[in-house]
Amino acid sequence: MAAEQTHRDVVLRRLRRIEGQVRGLQRMVEEETYCIDVLTQVAATNAALQSCALALLDEHLNCCVTEAIVEGGEQARTKVDEASKAIARLVRA
């Protein structure tokens, strides 16, 4: 349980940082910051979101999917299918 809490805290910290980046983007647009500078920050925010998504996916694979596979049965197939669909969504994004 402590490891889950630690992972949760890490993800929440990342999301709060991303939230701050988005607020910064809003300020930049309000202040009519040079477009290229705004786009650079948009790219950085996208990279942060991707990194967060990959951390969440990694945790899901190492925890939820692995446990389901050990238990076997339909639950294992369901978890693998969910993970596969999540990966497909990330690749398309």
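## Helix α1 and its positive patch

R8 sits in helix α1, which covers residues 2-30; helices here are DSSP runs of H or I with at least four residues, numbered from the N terminus. This is a predicted model, where local features need pLDDT of at least 70 and side-chain atom pairs count only at pLDDT 80 or more, while totals for chains, interfaces and linings use all residues. Residues are numbered from 1 along each chain as its sequence is written, and side-chain values use heavy atoms, with hydrogens and water left out.

R8 joins R13, R16 and R17 in a positive surface patch. To be in a patch, a residue needs over 30% relative accessible area and no salt bridge, and like charges are joined within 9 Å. Lys and Arg count as positive, and the place of an Arg charge is taken as CZ. Accessible areas come from the Shrake-Rupley method with a 1.4 Å probe, and for residues only the protein chains shown count as cover.

How open is R8? Its relative accessibility is 47%, so R8 counts as partly exposed. On this scale, buried means under 20% relative accessible area, exposed means over 50%, and partly exposed is in between.

## A salt bridge along α1

The model has four salt bridges, each one a side-chain nitrogen of Lys or Arg within 4 Å of a carboxyl oxygen of Asp or Glu. One of them links E19 and R23, at 3.4 Å from N to O. These two are four residues apart in helix α1, so about one helical turn separates them. E19 is partly exposed at 46%, and R23 is partly exposed too, at 41%.

## T45, tucked into α2

Now for helix α2, which runs over residues 35-71 and holds T45. T45 has a relative accessible area of just 5%, so it is buried. Beyond its neighbours within four places in sequence, T45 is in contact (heavy atoms within 4.5 Å) with I18, Q21, V22 and L25.

## Two salt bridges in α3

Helix α3 spans residues 73-92, and E74 and R77 both lie there, three residues apart, about one turn of the helix. They form a salt bridge with the closest N and O atoms 3.3 Å apart. E74 is exposed at 52%, and R77 is exposed at 54%.

Further along, D81 and K85 pair up in a salt bridge at 3.1 Å, N to O. They are four residues apart in helix α3, so about one helical turn lies between them. D81 is partly exposed at 39%, and K85 is partly exposed at 47%.

Terms used:
Patch = residues over 30% accessible without salt bridge, like charges linked within 9 Å, V, L, I, M, F, W, Y side chains within 5 Å. Buried < 20%, exposed > 50% of the residue type's maximum accessible area, 1.4 Å probe, protein only.
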